[in-house]
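Reader: Hi! I'm new to this one and would love a quick tour. Could you show it to me before we start?

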Amino acid sequence: MHAMKAYLLPLARLLMSGLFIWDGVLQLRDPSGTAKYFANVHIPIPDVTVWISIVFHLLAGLSILVGFKIRWAAAALVVFCLGTAFGVHLAAGDFNNMIHFYKNFVMAGGFLYVMTYGAGAMSIDGVDEA
């Protein structure tokens, strides 16, 4: 089981980081479209916020993926997921948004777990974080 654990942690990091890296890439490919979406959901200063969002998604996602300063990245993603859940996806009666609301709760829970247990041995943080 211990040998399998060594491979499951990087797989878990890949699965958890993929959404953020992918979203960062999508935002980078169409920043004006993302800014329009941000304006539509009442995110302040959407033309500036989009660039902050791109950098945050890519850096936090990559940090989780490679296991670098993972506890800090996970803490930032907990705050981000909960903020997005309540600030964007809490629309009463909107089934699609409620799915995203609960998805963000689940991700926040997963990142709390990462904050607690670290990245594991196959990471930049290495065994010291585990």
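Reader: Thanks! I'm looking at two of the helices. How are α1 and α3 oriented to each other?

Author: Happy to help! This is a predicted model. In it, α1 and α3 are roughly antiparallel to each other, because their angle is about 155 degrees and angles over 145 count as roughly antiparallel.

Reader: And how far apart are their axes?

Author: The axes of α1 and α3 are 8 Å apart where the two helices pack. Here α3 covers residues 46–66, while α1 covers residues 2–29.

Reader: What handedness does the crossing have?

Author: α1 passes α3 in a left-handed crossing.

Reader: Nice. Let me zoom out for a second. How many helices and strands does the protein chain have?

Author: There are 5 helices and 0 strands in the protein chain. Going along the sequence, that gives the pattern α-α-α-α-α.

Reader: What about overall dimensions? And what share of the residues is buried?

Author: Taken along the principal axes, the C-alpha atoms fill a box of roughly 45 × 30 × 20 Å. The protein chain has 130 residues, and 33% of them count as buried.

Reader: Back to the surface, then. Which residues make the nonpolar patch?

Author: That patch is made by M4, L8, L11, L14 and L15, and it has an area of about 480 Å².

Reader: Let me pick L8 from that group. Where is it, and is it buried or partly exposed?

Author: L8 sits in helix α1. Its relative accessibility is 41%, so L8 counts as partly exposed; buried would need a value under 20%.

Reader: Okay, new topic: loops. What is unusual about the backbone at I45?

Author: I45 has a positive phi, near 45 degrees, and it is a residue other than glycine. You'll find I45 in the loop between α2, which spans 31–40, and α3.

Reader: Is I45 buried or exposed?

Author: I45 is exposed, because its relative accessible area is 58% and the cut-off for exposed is over 50%.

Reader: Got it. And what is phi at K69?

Author: K69 has a positive phi of about 50 degrees, and it is not a glycine either. K69 lies in the loop between α3 and α4, with α4 running over 70–87.

Reader: Why does K69 count as partly exposed?

Author: Its relative accessible area is 49%, so K69 is partly exposed; exposed would take a value over 50%.

Reader: Great, that helps me find my way around. Thanks!

Definitions and conventions: Residues numbered from 1 in each chain as written. Predicted model: local features only at pLDDT ≥ 70, side-chain atom pairs only at ≥ 80, totals over all residues. Heavy atoms only, no water. Patch = residues over 30% accessible without salt bridge, like charges linked within 9 Å, V, L, I, M, F, W, Y side chains within 5 Å. Areas by Shrake-Rupley, 256 points an atom, 1.4 Å probe, with all protein chains shown as cover. Salt bridge = Lys/Arg side-chain N within 4 Å of Asp/Glu carboxyl O. Helix = DSSP H or I, 4+ residues; strand = E, 2+ residues; numbered from the N terminus. Buried < 20%, exposed > 50% of the residue type's maximum accessible area, 1.4 Å probe, protein only. Axes fitted to C-alpha atoms, helices over the stretch in contact; angles between N-to-C directions. Parallel < 35°, antiparallel > 145°, perpendicular 65-115°, else oblique. Left-handed = near helix turned anticlockwise from the far one by under 90°.
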